[in-house]
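Me: I would like to learn how to read a helix and a domain boundary. Can you take me through both?

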Amino acid sequence: MSVKELTVPISEDAVRSLHVGDTVRLSGVIVTGRDAAHKYMIETFVHPSKSARQDPPAIPDGEREVYRELKRRLRGSVIYHCGPVVRQREEGRWEFVAAGPTTSIREEVYEPDIIEHFGLRGVVGKGGMGPDTLRACRDHGAAYFHAVGGAASLIADAVQEVITVYKKDAFGVPEAFWVIRVEDFPLVVTMDTHGESIHDQVEMASQAALDRLVGS
Amino acid sequence: MDNLTESFVELIRRAATDLPSDVEAALRDARDREVSGSGAEGALNTILENVAIARQNGTPICQDTGVPIFYLNVPRAAQEGCISTQDLRGQIEAAVVKATEQAYLRPNAVDPVTGRNSGNNLGKGFPSFHFQEWDEDYLRAELLLKGGGSENVSTQVKLPHAPLDAGRDLDGVRKVVLDAVYQAQGKGCAPGVLGVAIGSDRGGGYVHAKEQLFRPLDDTNPEPELMKLEERLLRECNELGIGPMGFGGKTTVFGVKVGAYHRLPASYFVSIAYMCWACRRAAMTVHGEEVTFK
């Protein structure tokens with residue numbers, strides 16, 4: 001196996017060619033979002049769009065610009081489960097200091113709808129996600145990319161530029177949507193479009209080994 | 001003995017931004033053993049690159065700098081070179097505040113009642129201190145930075161433990177340790193190091209389990225029975241195949257250190273401190289004016 005290069009926008013063909021265990025280097029513009037961001041996207045954008053059955057959907061005036069921007073940024077890109085440590089330079093520009101992944105499973109209730117609604121090609125985090133996200137990956141052409149837990153300095157170094165930030169004042173620094181340009185962000189595919197999850201496979205195999213070792 | 005605040009800032013900086021050489025070497029060996037091109041190898045390569053970058057930039061290896069845990073051996077009172085543990089505590093607290101300002105430590109002390117983060121890593125029982133007098137005429141301070149992911153998968157089991165048919169003996173200990181590593185999967189940021197305390201009471205069990213994490217990886221247990229248990233557990237934990245980050249692979253843990261402590265007749269606890277790959281421990285000794293870091 002070799003390292004696969006992925007560049008945003010990621011095509012559906014590219015993501016469907018990936019398999020669990022593939023090592024990937026991701027480059028391009030991606031967006032961070034964790035607990036507050038996921039709840040907000042579902043409650044403010046996804047649900048009103050579903051219930052109103054109108055175009056444009058019933059989204060509050062003050063949120064329309066963020067919605068437009070997020071739709072534009074996220075289509076063909078990934079959302080990164082990360083609460084970064086950031087620093088603001090004197091001229092006002094932001095930079096990432098430490099930016100390791102946070103545990104993804106907390107977003108399981110939201111992620112399938114977000115993948116579908118925003119046209120995500122992937123989710124980046126750690127620890128893996130559940131069966132609903134796995135199904136959404138298959139149905140809509142997305143993958144779960146596992147970043148290396150604890151690799152905070154390296155990932156911050158892969159962030160070439162902080163382009164902008166949305167909802168920072170409302171959600172605070174760790175929970176905001178940071179739009180960043182990354183280069184060669186090292187990732188491993190652990191859930192793919194073919195219904196495979198390394199997390200399920202490893203848990204089952206290690207359960208069998210445990211049974212053998214403890215003699216039960 | 002001079003005011004040691006600046007020396008403790010340096011101890012914290014070293015712990016947060018660099019790995020002990022034995023740990024880094026073990027991660028390199030683990031990388032070399034994994035299948036070329038596998039996710040496990042990729043994760044270990046990323047880990048090793050991250051360590052090099054953190055060292056070079058002087059930035060934290062991991063953004064979760066955990067609870068700073070200090071173990072201090074101090075000269076006996078009334079002995080040459082003695083120092084009040086109360087003074088020492090004050091100097092270490094000042095050092096923790098400074099190290100937080102200098103971004104070597106993330107502010108991690110959260111009040112569970114109000115939800116407020118103190119912002120400077122000081123709080124009730126935060127950082128964690130363990131003082132002990134000893135017969136030497138110098139001070140030895142050890143620091144462990146242990147993050148939340150690995151702390152969350154640490155566990156304590158009371159033997160006998162029926163679900164695993166684990167009795168009150170070393171084979172029972174072996175079974176519950178293997179189960180703890182299985183339960184953790186990759187969530188403690190594998191590959192990890194296990195500090196295990198057999199016996200003691202519940203509180204002492206975790207304190208001693210974390211003490212075991214200070215032993216160098218190549219340190220062999222002087223107790224033959226425990227040495228055999230450590231070797232067997234290291235081999236069998238890796239047979240679980242969980243691998244780096246839980247991707248599957250050959251190295252799930254790269255160290256198992258076990259200590260045995262007297263227990264109550266009615267209690268037989270096994271306390272398992274799971275340490276992530278970022279096994280950030282550092283030590284310093286103070287002989288009079290001379291401060292040495294290890």
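**Reading a helix, then a boundary**

Reply: Start with burial. This is a predicted model. In H8(A), the buried residues are A:Ile198, A:His199, A:Val202, A:Ser206, A:Leu210 and A:Val214.

Me: How do the buried residues of H8(A) fall when seen down the axis?

Reply: They fall within an arc of 100 degrees, so they line one face of the helix. On the other side of H8(A), the exposed residues are A:Met204, A:Gln207, A:Ala208, A:Asp211 and A:Arg212.

Me: What covers the buried residues of H8(A)?

Reply: The cover includes strand E9 (177-191) of chain A and helix H6 (170-184) of chain B.

Me: What span should helix H8 of chain A have?

Reply: Count 1.5 Å a residue, over one less than the number of residues. H8 (residues 198-214) of chain A has 17 residues, so 24 Å is expected; its end C-alpha atoms are 24 Å apart, which agrees. Just after H8(A), A:Gly215 takes a positive phi of about 70 degrees.

Me: Now the domains. Which domains does the assignment give for chain B?

Reply: Domain 1 is 5-14 + 61-147 + 280-293, and domain 2 is 149-275. Their centres, taken over C-alpha atoms, are 26 Å apart. In chain B, 9 residues of domain 1 are in contact with 9 residues of domain 2.

Me: Which strands of chain B supply at least two residues each of the side of domain 1 that touches domain 2?

Reply: Strand E1 (67-75) and strand E3 (139-146) of chain B do. E3(B) gives the largest share, 3 residues. By class, that side of domain 1 of chain B has 3 nonpolar, 2 polar and 4 charged residues.

How values were computed:
Residues numbered from 1 in each chain as written. Chains lettered and ligands numbered in written order. Predicted model: local features only at pLDDT ≥ 70, side-chain atom pairs only at ≥ 80, totals over all residues. Helix = DSSP H or I, 4+ residues; strand = E, 2+ residues; numbered from the N terminus. Buried ≥ 20, exposed ≤ 12 C-beta atoms within 10 Å, placed from the backbone. Arc of directions from axis to C-beta. Contact = placed C-beta atoms within 7 Å. Domains from an automatic or database assignment. Nonpolar A, V, L, I, M, F, W, Y, C, P; charged D, E, K, R; others polar.
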